[in-house]
Amino acid sequence: MLVKQLLKLEEIRQSVLMYVESRMAMIAPNLSRIIGTTVATKLMAQAGGLTSLSKMPSCNVLVLGQTKKTLSGFSSAQSMPHTGILFYADLVQGLPKEYRRKAAKLLASKCTLAARVDSCHQSTDGSIGQQFLDDITQKIEKMQEAPPAVRDRALPRLMTSPAKSGEVGGSEK
């Protein structure tokens with residue numbers, strides 16, 4: 001009996017998720033194109049709607065959904081600072097740890113721009129969101145490239161003319 005209820009709840013959850021995903025493609029196509037419908041839904045819910053999300057600066061979008069814990073030394077659990085909903089998006093979590101925070105900042109800035117485009121009802125096909133996503137992936141790839149090799153510089157040219165008087169190594173009168 002409990003198993004049947006759990007299966008029924010899972011079925012209802014899937015149907016609600018499908019409904020929300022279909023609506024997100026109409027409400028915020030550019031934002032959904034960048035981070036996916038599930039994360040876009042959580043982000044908009046946390047911000048209080050698309051217009052509130054579009055008015056927020058990207059530094060605030062980055063920390064939306066951050067769990068604030070008052071541990072006060074009684075627990076060994078740790079909460080990472082500056083990790084909101086966007087930090088746990090698939091695009092960021094697929095990167096090595098040293099690049100995640102920078103990628104999350106980049107993603108927050110592009111999501112803010114996409115929310116502003118969606119709020120003004122421009123580009124309802126999601127083409128601007130796709131351009132932003134291509135820009136994000138290009139910047140992430142560039143971030144992961146090895147830095148260019150530093151070449152050894154040649155020594156400076158030796159002075160062949162005699163030094164002026166008063167300088168070290170100059171001729172004395």
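Visitor: Which helix does Leu9 lie in?

Guide: Leu9 belongs to helix H1, which covers residues 2–27. Keep in mind as we go that this is a predicted model.

Visitor: Why is Leu9 called exposed?

Guide: The cut-off for exposed is over 50% relative accessible area. Leu9 has 55% relative accessibility, so it counts as exposed.

Visitor: What makes the nonpolar surface patch that Leu9 is part of?

Guide: Leu9 shares the patch with Leu2, Leu6, Ile12 and Val16, and its area is about 490 Å². Nonpolar side chains are joined into a patch within 5 Å, provided that the residues have over 30% relative accessible area and no salt bridge.

Visitor: How do you know that H1 and H3 are roughly perpendicular?

Guide: Two numbers help here, since packed helices are described by the angle between their axes and the distance between the axes. H1 and H3, the latter being residues 37–47, pack at about 80 degrees with their axes 9 Å apart. Angles of 65 to 115 degrees count as roughly perpendicular, and H1 and H3 therefore get that description.

Visitor: Which residues make the contact between H1 and H3?

Guide: From H1 come Leu17, Val20, Glu21, Met24 and Ile27, and from H3 come Thr37, Thr38, Ala40, Thr41 and Met44.

Visitor: How many helices and strands are there in the protein?

Guide: Eight helices and zero strands.

Visitor: And what share of the residues is buried?

Guide: Of the 173 residues, 30% are buried, where buried means under 20% relative accessible area. The protein's accessible surface comes to about 12700 Å², with 57% of that surface belonging to carbon and sulfur atoms.

Key. Residues are numbered from 1 along each chain as its sequence is written. This is a predicted model: local features need pLDDT of at least 70, side-chain atom pairs count only at pLDDT 80 or more; totals for chains, interfaces and linings use all residues. Side-chain values use heavy atoms; hydrogens and water are left out. Patches are made of residues with over 30% relative accessible area and no salt bridge: like charges are joined within 9 Å, nonpolar side chains (Val, Leu, Ile, Met, Phe, Trp, Tyr) within 5 Å. Accessible areas come from the Shrake-Rupley method with a 1.4 Å probe; for residues, only the protein chains shown count as cover. A salt bridge is a side-chain nitrogen of Lys or Arg within 4 Å of a carboxyl oxygen of Asp or Glu. Helices (H or I, at least four residues) and strands (E, at least two) are DSSP runs, numbered from the N terminus. Buried means under 20% relative accessible area, exposed over 50%, partly exposed in between (1.4 Å probe, protein chains only). Axes are lines fitted to C-alpha atoms, for helices over the stretch in contact, and angles run from 0 to 180 degrees between N-to-C directions. Angles under 35 degrees count as roughly parallel, over 145 as roughly antiparallel, 65 to 115 as roughly perpendicular and the rest as oblique. Contact means heavy atoms within 4.5 Å.
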